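Please walk through this protein with me, from the whole fold down to single residues. Keep the sequence and the model side by side.

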Amino acid sequence: MLEVCVDTLAGAVAAMQGGAGRVELCSSLSEGGLTPSAGLMQAASSLPIPCYAMIRPRCGLFHFSDAETEIMLLDIATARDAGLAGVVLGAQADDDSLNLPMLAKLVEASGPLGKTLHRVIDVVPDPFLALDQAVLLGFDRVLTSGAKPTAPEGAAMIKQMMTRAGGALSVMPGCGLSSENVADVMRQTGAYEVHAACNLAAAGDPAFSIS
């Protein structure tokens with residue numbers, strides 16, 4: 001399974017045509033991805049592959065205020081009303097660990113939608129504890145580079161996370177993947193789905209490639 005993050009409907013269609021099995025809808029990919037517009041959510045819901053919405057109201061780290069939590073709850077409701085397949089979430093407490101009460105509220109609001117914990121897991125003090133907490137909160141997967149700048153660099157930790165999860169959720173490598181290294185990362189980690197921007201054309205090929 002290849003998941004591709006996009007910030008336009010044209011990007012979602014191109015990703016689908018290039019073989020993506022799921023897309024993550026965002027705005028402001030240059031900022032790491034923020035919540036997409038309601039219009040993009042609605043338009044993408046008609047695509048024949050699952051579309052998840054990033055739920056992130058601003059750039060920067062993931063310490064969100066009560067007011068920002070209310071915004072995220074409204075954005076989750078928008079994603080549900082649009083008919084999307086899932087949402088992508090993450091929040092930190094004052095000590096930089098996962099903000100469990102806030103995430104529990106967001107997960108509850110998500111209801112039957114699929115739920116991905118984003119790369120907040122790469123910036124918490126204890127990624128393995130956060131992985132356990134993600135399972136208890138009801139996430140379906142975590143997106144991670146193994147607490148390293150790129151997934152190839154973090155492959156050893158990603159493999160340990162896969163072992164620790166024991167199939168309770170999917171551990172999805174992302175960041176720094178290319179058509180040259182993705183198969184090797186999957187072999188090293190045992191991952192069965194990966195995440196990429198696919199924003200660079202392969203040499204001599206007009207189609208999208210993993211990046």
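**Strands at the centre of the tour**

Start at strand β5. Gly114 and Thr116 point one way from β5, while Lys115 and Leu117 point the other way. All of these residues are buried. The model is predicted, so treat every value here as computed from it.

Strand β5 covers residues 114–117. Its partner is β4, and the two pair in the parallel sense over 4 bridges. One place to look is Val87, whose bridge partner in β5 is Lys115.

Now move to β4 itself, residues 86–89. Gly86 and Val88 point one way. Val87 and Leu89 point the other way. These residues are all buried too. On to β3, residues 51–54, which is joined to β4 by 3 bridges. These two strands also run parallel. Ala53 of β3 stands opposite Val87 in β4. Val87 thus serves as a landmark: Ala53 stands opposite Val87, and Lys115 in β5 is the bridge partner of Val87.

**A buried threonine**

Return to Thr116 in β5. Is Thr116 buried or exposed? Its relative accessible area is 1%, so Thr116 is buried, the cut-off being under 20%. Which residues does Thr116 contact, leaving aside its neighbours within four places in sequence? From β4 come Val87, Val88 and Leu89. Tyr52 is another contact, and its number falls within β3. The others are Phe139, Arg141, Leu143 and Met172.

**The loop after β4**

Leu98 lies in the loop between β4 and α4, the helix at 100–110. Leu98 has a relative accessibility of 4%, and therefore counts as buried. Its contacts, not counting neighbours within four places in sequence, include Ala91, Gln92 and Ala93. Leu98 also touches Leu103, Leu117, Val120 and Val124. Ala130 and Gln133 complete the list. Leu117 sits in β5 and is itself buried. Arg141, a contact of Thr116, is 43 residues from Leu98 in sequence. The C-alpha atoms of Leu98 and Arg141 are 15 Å apart.

**Two residues of one helix**

Helix α5 spans residues 127–137. Pro127 and Val135 both belong to this helix. How do they differ in exposure? Pro127 has 10% relative accessibility, so Pro127 counts as buried. Val135 has a relative accessible area of 32%, so Val135 is partly exposed.

Look at their contacts, again setting aside residues up to four places away in sequence. Pro127 touches Ile121, Ala147 and Met157. Met157 is 30 residues from Pro127 in sequence, yet their C-alpha atoms are 9.4 Å apart. Val135 is in contact with Ala168 and Leu169. Leu117 of β5 is 18 residues from Val135 along the chain. Their C-alpha atoms are separated by 10.0 Å.

**Two positive phi angles**

Next, check the backbone at two loop residues. Ser28 lies in the loop between β2 (22–25) and α2 (38–44). Its phi is near 50°, a positive value in a residue other than glycine. Ser28 has a relative accessible area of 32% and is partly exposed.

Cys175 is in the loop between β7 (170–173) and α7 (182–189). Cys175 is not a glycine either, but its phi is positive, at about 95°. At 29% relative accessibility, Cys175 counts as partly exposed.

**The whole protein**

Step back to the full chain. The protein has 7 helices and 10 strands. Why call it as compact as a globular protein of its length? The radius of gyration is 16 Å, and the globule rule gives 17 Å for 211 residues. The two values are close, so the protein is as compact as a globular protein of that length. The C-alpha trace spans about 50 × 40 × 30 Å along its principal axes.

Buried residues make up 51% of the 211. Take contacts between residues at least 6 apart in sequence: 60% of them join residues at least 24 apart. The Pro127 and Met157 contact is one of these, with their positions 30 residues apart in sequence.

Finish at the surface. The accessible surface comes to about 9,100 Å². Carbon and sulfur atoms account for 57% of it. The protein carries 12 positive and 22 negative charges. The mean positions of these two sets are 5 Å apart.

Definitions and conventions
Residues numbered from 1 in each chain as written. Predicted model: local features only at pLDDT ≥ 70, side-chain atom pairs only at ≥ 80, totals over all residues. Heavy atoms only, no water. Rg over C-alpha atoms; globule rule 2.2 N^0.38 Å. Buried < 20%, exposed > 50% of the residue type's maximum accessible area, 1.4 Å probe, protein only. Contact = heavy atoms within 4.5 Å. Areas by Shrake-Rupley, 256 points an atom, 1.4 Å probe, with all protein chains shown as cover. Lys, Arg positive; Asp, Glu negative; His and termini not counted. Charge placed at Lys NZ, Arg CZ, Asp CG, Glu CD. Pairing = 2+ DSSP bridges.
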